[in-house]
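Subject: Structure handover

Hi,

Here is the structure I said I would pass on. Have a look at it first, then read my notes underneath.

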Amino acid sequence: MVHIAILGLGVVGSGTADLITQNKDLIKERFGEEVNIKYILDIKDKPESPYSDKIIHDYNVILEDPEVTVVAEVMGGSHPAFEFSMQALSKGKNVVTSNKEVVSNFGDQLLKAASDNNVSYLFEASVGGGIPVLRPLSTDLSANNIKEIVGILNGTTNYILTKMKKEGESFENALAEAQKNGYAEANPSADIDGIDTCRKISILTAIAYGKLINPQSIHTEGIAGIRREDVEAIERTGACIKLLGKSVMTENKEVYVMTAPFVIGNENPLASVDDVFNAVTVKGDFVGDVTFYGRGAGAYPTASAVCGDIMNIISGATANLNIKPWQASDEMFMSDFSYFACKRYLSFADTDKNAAQVIFGDVEMIQEGSEISFITGSITENELSDKVMRLCSSGARLCAHIRVL
Ligand code: HSE
């Protein structure tokens, strides 16, 4: 029998306990071992939970119990999740987690601690909810040079954007539904402001290149500034807006990493990824494009990934996901974002097509009237700032800027 402890009986903790309980026989049949949830650590007693008899409040009980060989850290937040994980690893316990905040901030230290103690630190559930993407990226695709990773990595914002587009739902109502469904973070600004996506693209980039970029160094924008009129104008061109995490390897072996809303043509597979679904496309030099798709948030999909890691540990099939522990954040590895070039959707008030074309050259006009909207050719962030400043110096007002994938 394998004894495990779950840290946190929230959305993911309850889902994990449900999966282990409901699929107990199947797990035993497949792995020849029964998985027993010996403890659940939570600050509350939660008498309404079917697992309340397992709840304890003192973490030392888990640390000091040699029978517990796997700790599932699903409590969220950086602290004390990071310290608890380090303590478990240094006691020789394997740790699995869905906590992208901890992995993106401290993954280098945690992987080193796991390696030093000859145990595993696994975090498939930290990116893409139930989608297996970290393991295939770190194993099956590892003979490729990864050229690009681009993905819809946040279920809450994708759910909100889909509800607004397809059902004309207000932002506030769509967010409330996402919260009710257990998709959103405890503080949903992490979803809305792109922070959650930023953490996930940092983890994917680390898996691909072995270097962990501090999420704070990643250019990050959320969806709060997206206006209904831009959604509609873009839709008329056969495209849509999605919040993406994107990592691109340059010729100089540096990466551009970013989180921002992008305009995506409807022919791109990512354009049809709706609701809570996430998708990640990885471009390898030999394999070409590979797209992973599935539910990106919610108790059961995330529990599936948490338990997948536990099963990998039980079966002895895995070492740590990385080949070597990640190097700590390396600014030199990141390309200067001001040189990132792409086409842009722009909308200006108090100007006209002619004035815009003098500065932006040949553009694809989308609408004219009290506001003009158009798509530019490929220009860098620096060039954009310069051109916007020039147009605005003649009285124009910038109303929207969305990058085009
Ligand atoms: N709040 C996250 C999301 C949960 O909506 O994607 C899964 O990481």
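Below are my notes on the ligand site, the empty spaces and a couple of backbone details.

One thing up front: this is a predicted model, and the values here are computed from it.

**The ligand**

Let's start with the ligand, which sits in the largest pocket. Around it you will find K100, N154, G155, T156, Y183, A184, E185, D191, D196, K200, G296 and A297. Sorted by class, that shell is made up of five charged, four polar and three nonpolar residues.

Which residues have polar atoms facing oxygen atoms of the ligand? Three are worth bringing up on your screen. The side chain of T156 has an N or O atom 2.6 Å from a ligand oxygen. For K200, again through an N or O atom of the side chain, the distance to a ligand oxygen is 2.7 Å. G155 uses its backbone instead: a polar backbone atom there is 2.8 Å from an oxygen of the ligand.

How much of the ligand does the protein cover? On its own the ligand has 260 Å² of accessible area, and the protein covers 93% of that. As for secondary structure, helix 7 (155-167) and helix 10 (195-209) are the elements that give two or more residues to the shell.

**The pocket itself**

The largest pocket has a volume of about 760 Å³. It is lined by 36 residues, and those closest to its centre are V12, K100, A184, E185 and A186. K100, A184 and E185 should look familiar, since they are also among the residues around the ligand.

Several helices contribute to this lining: helix 1 (11-22), helix 5 (100-116), helix 7, helix 9 (189-192) and helix 10 each give two or more residues. Helix 10 has the largest share, with three residues. By class, the lining splits into 17 polar, eleven nonpolar and eight charged residues.

**A cavity**

Then I looked for enclosed space. Rolling a probe the size of a water molecule over the atoms shows where empty space is left. How many cavities of 30 Å³ or more turn up in the whole structure? The search finds one, and the volume of the largest cavity is about 120 Å³.

Its lining consists of L161, T162, M164, K165, I226, V231, C240, I241, K242 and D274. Two elements give two or more residues here, namely helix 7 and strand 9 (239-249). Helix 7 provides the largest share, four residues. So far as class goes, this lining has six nonpolar residues, three charged and one polar. Keep an eye on helix 7 as you look around, as it gives residues to the shell around the ligand, to the pocket lining and to the cavity lining.

**Two backbone details**

Where is there a cis peptide bond? One joins H79 and P80, with omega at about 10°. P80 is in the loop that runs between strand 4 (68-73) and helix 4 (81-90).

The other detail is K46, whose phi is near 50°, a positive value in a residue that is not glycine. You can find K46 in the loop between strand 2 (35-41) and strand 3 (55-56).

That's everything from my side.

Cheers

Conventions
Residues are numbered from 1 along each chain as its sequence is written. This is a predicted model: local features need pLDDT of at least 70, side-chain atom pairs count only at pLDDT 80 or more; totals for chains, interfaces and linings use all residues. Side-chain values use heavy atoms; hydrogens and water are left out. A residue is near a molecule or strand if one of its heavy atoms lies within 4 Å of it. A polar contact is a pair of N or O atoms within 3.5 Å; within protein, one must be able to donate a hydrogen and the other to accept it, and residues adjacent in sequence count only if both atoms are side-chain atoms. Accessible areas come from the Shrake-Rupley method with a 1.4 Å probe; for residues, only the protein chains shown count as cover. On a 1 Å grid over the protein atoms alone, a cavity is a set of points where a 1.4 Å probe fits but cannot get out, and a pocket is an open set with protein on both sides within 12 Å along at least five of seven lines; lining residues have an atom within 4 Å of a point. A molecule sits in a cavity or pocket if more than half of its atoms lie within 2 Å of its grid points. Ala, Val, Leu, Ile, Met, Phe, Trp, Tyr, Cys and Pro count as nonpolar, Asp, Glu, Lys and Arg as charged, and the others, Gly among them, as polar. Grid points are joined across faces, edges and corners, and a volume is the space filled by probe spheres set on the points.
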